[in-house]
Amino acid sequence: MDFLPLLRFPIEWAALALFVVACLYWERAGFTGLGVEGSVAAATIGFIAGYDATASYAAAAGIAALAAVLFALATGGLLQILQTDRAVGAFAASLVAACGLGLLTRTGSHALLTEQPSPGIIRGTIFDGTYAEDLIGSPWLLAAPFLVALASWIYWRTPFGLRLRAFGETPSLRVPGASAARTRLLGVAAGSLFVVPGVALLLRQSGGSPPVALGLLALACAVAGRWAFAPSLLLAAGIALLRTLRPYAGSSGTAVVSLEIAPFLLALVYLIVLSRRALRITATRQSRLDPDTL
């Protein structure tokens with residue numbers, strides 16, 4: 001058995017972990033993690049279209065980040081202005097972004113998806129052209145653990161994180177010198193920024209078919225992990241492993257389809273069987289509302 005494809009596991013896990021982080025930020029900002037799927041689609045559009053327009057990977061990454069943040073701010077702003085249902089509004093906005101991505105990928109070939117060697121990797125190592133080059137030479141993968149740790153630190157240890165959780169849980173809260181609307185919008189914008197490295201990692205793995213619905217899988221992990229960082233990231237490992245096993249399906253149509261739907265079935269098991277009480281968040285000190293810090 002060839003174990004080389006399993007080297008993709010850290011990449012899949014890192015990308016999904018970043019999406020889980022984004023879901024936690026969106027949820028605590030009060031806009032539901034459903035919007036992360038739209039952020040992923042917007043960032044993917046930015047990467048593909050940006051590279052087509054500039055032929056610069058760095059510029060494409062900047063355009064992807066801008067697209068993700070603009071999606072978050074537009075969605076969050078509209079939901080606040082219209083006072084509509086957060087889940088329905090975030091899901092509808094995500095569908096618009098996902099449809100835009102589908103239309104873009106059908107307009108012909110795109111350099112980022114077809115160029116060889118693929119951009120975004122540090123060249124000149126002995127691992128060029130091997131499975132290991134994505135592990136050794138990917139700045140995105142090397143940065144992913146630090147980005148997740150940074151997101152956790154901001155979320156739990158900074159005044160901004162405290163305000164984000166406070167305003168997300170109690171939008172009517174009034175704190176002198178702090179705007180609830182601004183804090184929540186900054187929260188979804190920050191969450192959307194974390195999807196950009198994840199999208200960059202997956203675009204190298206997906207060939208000509210950008211990934212879809214991974215934001216929903218990340219949301220399932222966040223829910224099943226009771227909206228906490230560590231258990232959500234741990235649960236994401238199972239989904240990442242199933243996605244890593246897809247090359248072993250070979251040419252069997254049944255095996256390919258089975259491995260494609262397996263992550264979604266595992267998410268279903270998480271939510272229905274393993275975490276039946278995940279939606280009932282217990283009363284804890286998670287808000288940590290310190291008036292002096294606020």
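This report walks through the helices, aromatic pairs and a few individual residues of a predicted model.

## The overall picture

Let's start with the fold. The protein chain has 12 helices and 0 strands, so listing the elements from the N terminus on gives nothing but α, from one end of the run to the other. Of its 294 residues, 49% count as buried. Take the contacts between residues at least 6 apart in sequence, and 75% of them join residues at least 24 apart.

## Aromatic pairs around Phe-47

A search of the whole structure turns up 8 aromatic pairs. In one of them, the ring centres of Phe-47 and Tyr-57 are 5.8 Å apart and the planes sit at 35°, so this pair counts as tilted. The two partners are 10 residues apart, with Phe-47 in helix 2 (residues 35-54) and Tyr-57 in helix 3 (residues 57-82). Phe-47 has 0% relative accessibility and counts as buried. Tyr-57 is buried too, with a relative accessible area of 18%; the cut-off for buried is under 20%.

Phe-47 also pairs with Trp-140, and here the geometry is edge-to-face: 6.4 Å from centre to centre, with 80° between the planes. Trp-140 belongs to helix 7 (residues 139-157) and Phe-47 to helix 2, so this pair ties together parts of the chain that are 93 residues apart in sequence. Phe-47 and Trp-140 are both buried.

## A cluster, and two arginines over rings

Elsewhere, five aromatic residues make up one cluster: Tyr-25, Tyr-155, Trp-156, Phe-194 and Phe-229. One of these, Tyr-155, has Arg-165 lying over its face, 5.6 Å from the ring centre.

A second arginine does something along those lines with a phenylalanine. The charged end of Arg-184 sits over the ring of Phe-31, at 4.9 Å from its centre.

## Helix 10 and its crossing with helix 1

Helix 10 (residues 214-224) has 10 of its 11 residues buried, so the rest of the structure largely encloses it. The buried residues are Leu-214, Gly-215, Leu-217, Ala-218, Leu-219, Ala-220, Cys-221, Ala-222, Val-223 and Ala-224. After helix 10 comes Arg-226, which has a positive phi, near 60°.

Helix 1 (residues 9-28) crosses helix 10 at roughly 70°, and their axes come within 8 Å. The two helices are therefore roughly perpendicular to each other, and the crossing is right-handed. On the helix 1 side, the residues that meet helix 10 are Leu-16, Phe-19, Val-20, Cys-23 and Leu-24. Helix 10 brings Leu-214, Gly-215, Leu-217, Ala-218, Leu-219, Cys-221 and Ala-222 to the contact.

## Helix 7 and its neighbours

Helix 7, the home of Trp-140, packs against helix 8 (residues 159-169) at an angle of about 70°, with the axes 5 Å apart. That makes helix 7 and helix 8 roughly perpendicular to each other. Ile-154, Tyr-155, Trp-156 and Arg-157 of helix 7 meet Pro-159, Phe-160, Gly-161, Leu-162 and Arg-165 of helix 8. Tyr-155 and Arg-165, in that list, are the residues of the arginine-over-ring arrangement described above.

Helix 7 also meets helix 9, and here the axes come within 10 Å and cross at roughly 155°. Helix 7 is thus roughly antiparallel to helix 9, and the crossing is left-handed. Trp-140, Leu-141, Leu-147 and Ala-151 are the helix 7 residues in this contact, and they meet Phe-194, Pro-197, Ala-200 and Leu-201 of helix 9. So Trp-140 shows up in this contact as well as in the edge-to-face pair with Phe-47.

## Two single residues

Thr-183 is in helix 9 (residues 180-205). Thr-183 is buried, with a relative accessible area of 7%. Leaving out its neighbours within four places in sequence, Thr-183 is in contact with Phe-160, Arg-163, Leu-164 and Phe-167.

Pro-247, on the other hand, is in the loop between helix 11 (229-244) and helix 12 (253-274). Its relative accessible area is 37%, which makes Pro-247 partly exposed. The C-alpha atoms of Pro-247 and Leu-259 are 9.3 Å apart, with their positions 12 residues apart along the chain.

Key:
Residues numbered from 1 in each chain as written. Predicted model: local features only at pLDDT ≥ 70, side-chain atom pairs only at ≥ 80, totals over all residues. Heavy atoms only, no water. Phe/Tyr/Trp six-rings, centres within 6.5 Å; stacked < 30°, edge-to-face > 60°. Helix = DSSP H or I, 4+ residues; strand = E, 2+ residues; numbered from the N terminus. Buried < 20%, exposed > 50% of the residue type's maximum accessible area, 1.4 Å probe, protein only. Lys NZ or Arg CZ within 6 Å of the ring centre and 35° of its normal. Axes fitted to C-alpha atoms, helices over the stretch in contact; angles between N-to-C directions. Parallel < 35°, antiparallel > 145°, perpendicular 65-115°, else oblique. Left-handed = near helix turned anticlockwise from the far one by under 90°. Contact = heavy atoms within 4.5 Å.
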